[in-house]
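Visitor: Hi, I'm new to this one. Can you walk me through it?
Guide: Sure. Take a look first, then ask away.

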Amino acid sequence: MFQIGPYRIDSQVVLAPMAGVTDQPFRKLCRKLGAGLVVSEMVTSDTRLWNSRKSQYRLNHAGEEEPRSIQIAGGDPQVIAEAARMNVERGAQIIDINMGCPAKKVCNKAAGSALLQDEPLVLEILKAAVAAVDVPVTLKIRTGWSPENRNAETIARMAEDVGIQALAIHGRTRACGYRGDAEYDTIARVRNSIEIPLFANGDITSARKAKEVLDCTGADAVMIGRAAQGNPWIFREINHFLQHGTELPKPTSEVVKTTLLNHLAALHEFYGEYMGVRIARKHVGWYLHHQPNGVSFRARFNKLESAVEQVAAIEHYFSAAHSSSTAA
């Protein structure tokens, strides 16, 4: 479908990096269900902070399929270069630079999408990262800092010129956050400005919408973020629609149950019981948000303190749901 350095990606669907979401268990699940490329949670470029428990989990890519793409964030060219080198030493095969995160705690440190205000600094960061490693470097941006200051085309051409090998664009400015409609027209203009692989991101919530976005932007792939939370099947659904032009049926209750239980087991194993139980709560909330009685179940589920209790609760929830549907 498209190439990033030596890696051929055979799907037009990419998992977006999301802090607190795209950990190793979730990346593996999305890859299994059809994501052609998955990108890690954002890791700080300040390697002095890598000894924290959070960073240790985010830097763990043991047993993952190739290519392993690791996203780093920061605002100092040499610090980012060193972080890129150290990530490659730890097994990273693609380095992704974050210039798209709109979160205040990131932007306030002159990182993420805040960097889009300073084009000379963007250039220095990208040059330093590309020069530091012998693996592909990719970039994620927004359309600009604000509606009055859109510079995605300028940044995109700059990135291609210095050797960035793929670009993802969230179709909003930093000031817009997640409000308003995604600017697919801006992404289309960027497509006409560069030749490297381009990923369109923002408001892609279904297979049909993915096809529409690919058609109107000319992007090589769509990047799926929030729409994958609690719905990892979206990758399989998009792949199927792009190949066959038909929509897959939504997963059955049994498939949701099996996938959720496997996801819980992976979280408990990866993080250990104490953290795994707590991280599982938000994922269960996403999975069951639109299921019958899902909201009330989540309130009870969030009070459970052990892996065994969580598994039993999920089993009971789906058993009760099945009994209700049979009785109806």
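Guide: One term to begin with: helices (H or I, at least four residues) and strands (E, at least two) are DSSP runs, numbered from the N terminus. By that rule, His283 sits in helix α11, residues 273–288.

Visitor: Anything I should know about the model itself?
Guide: It is a predicted model, where local features need pLDDT of at least 70, side-chain atom pairs count only at pLDDT 80 or more, and totals for chains, interfaces and linings use all residues. Residues are numbered from 1 along each chain as its sequence is written, and side-chain values use heavy atoms, with hydrogens and water left out.

Visitor: Back to His283. Is His283 buried or exposed?
Guide: Buried, because its relative accessibility is 1%. Buried means under 20% relative accessible area, exposed means over 50%, and partly exposed is in between (1.4 Å probe, protein chains only).

Visitor: And what does His283 touch?
Guide: Val21, Phe26, His263 and Leu267. That leaves out residues up to four places away in sequence. Contact here means heavy atoms within 4.5 Å.

Visitor: Where is Lys257?
Guide: In helix α10, residues 253–271. Lys257 counts as buried because its relative accessibility is 19%.

Visitor: Which residues is Lys257 in contact with?
Guide: Glu315 and Phe318, leaving aside neighbours within four places in sequence. There is also a distance to look at: Lys257 and Leu288 are 31 residues apart in sequence and 9.9 Å apart in space, C-alpha to C-alpha.

Visitor: New topic. How many disulfides does the structure hold?
Guide: Zero. A disulfide is a pair of cysteine sulfur atoms within 2.5 Å. Take Cys216, which is in no disulfide: the nearest cysteine sulfur, that of Cys176, is 17 Å away.

Visitor: Are Cys216 and Cys30 buried or exposed?
Guide: Cys216 counts as partly exposed because its relative accessibility is 43%. Cys30 is at 0%, so Cys30 counts as buried.

Visitor: How many salt bridges are there?
Guide: The structure holds 14. A salt bridge is a side-chain nitrogen of Lys or Arg within 4 Å of a carboxyl oxygen of Asp or Glu.

Visitor: Why would such side chains pair at all?
Guide: Side chains of opposite charge can pair when their charged atoms come close.

Visitor: Show me a few.
Guide: Asp10 forms one with Arg8, with the closest N and O atoms 2.8 Å apart. Both of these residues are exposed. Asp185 forms another with Arg189, at 3.9 Å between the closest N and O atoms.

Visitor: How are Asp185 and Arg189 placed in helix α7?
Guide: They are four residues apart in α7 (residues 184–191), so about one helical turn separates them. Asp185 is partly exposed because its relative accessibility is 48%. Arg189 is partly exposed too, at 39%.

Visitor: Which residue does Arg191 meet in a salt bridge?
Guide: Asp220, at 2.5 Å, N to O. This pair links distant parts of the chain, 29 residues apart: Asp220 is in the loop between α8 (207–217) and β13 (221–224), and Arg191 is in helix α7. Asp220 is partly exposed, with a relative accessible area of 22%. Arg191 counts as buried, at 14%.

Visitor: Which residues of α8 are buried?
Guide: Ala207, Ala210, Val213, Leu214 and Thr217. Seen down the helix axis, they fall within an arc of 120 degrees, so they line one face of α8. The arc is that of the directions from the helix axis to the C-beta atoms.

Visitor: What do they pack against?
Guide: α7, β12 (198–201), β13 and α9 (234–244). Just after α8, Gly218 takes a positive phi of about 75 degrees.

Visitor: Now a strand. How many residues of β8 are buried?
Guide: Six of its six, across residues 137–142. Val137, Leu139 and Ile141 point one way, while Thr138, Lys140 and Arg142 point the other way.

Visitor: Which strands is β8 joined to?
Guide: Two strands pair if DSSP finds at least two bridges between them. Five bridges join β8 to β7 (residues 94–99), and these two run parallel. Four bridges join β8 to β11 (residues 167–170), also parallel.

Visitor: Which residues are bridge partners there?
Guide: Asn98 partners Lys140 in β8. Leu139 has Leu167 in β11 as its bridge partner.
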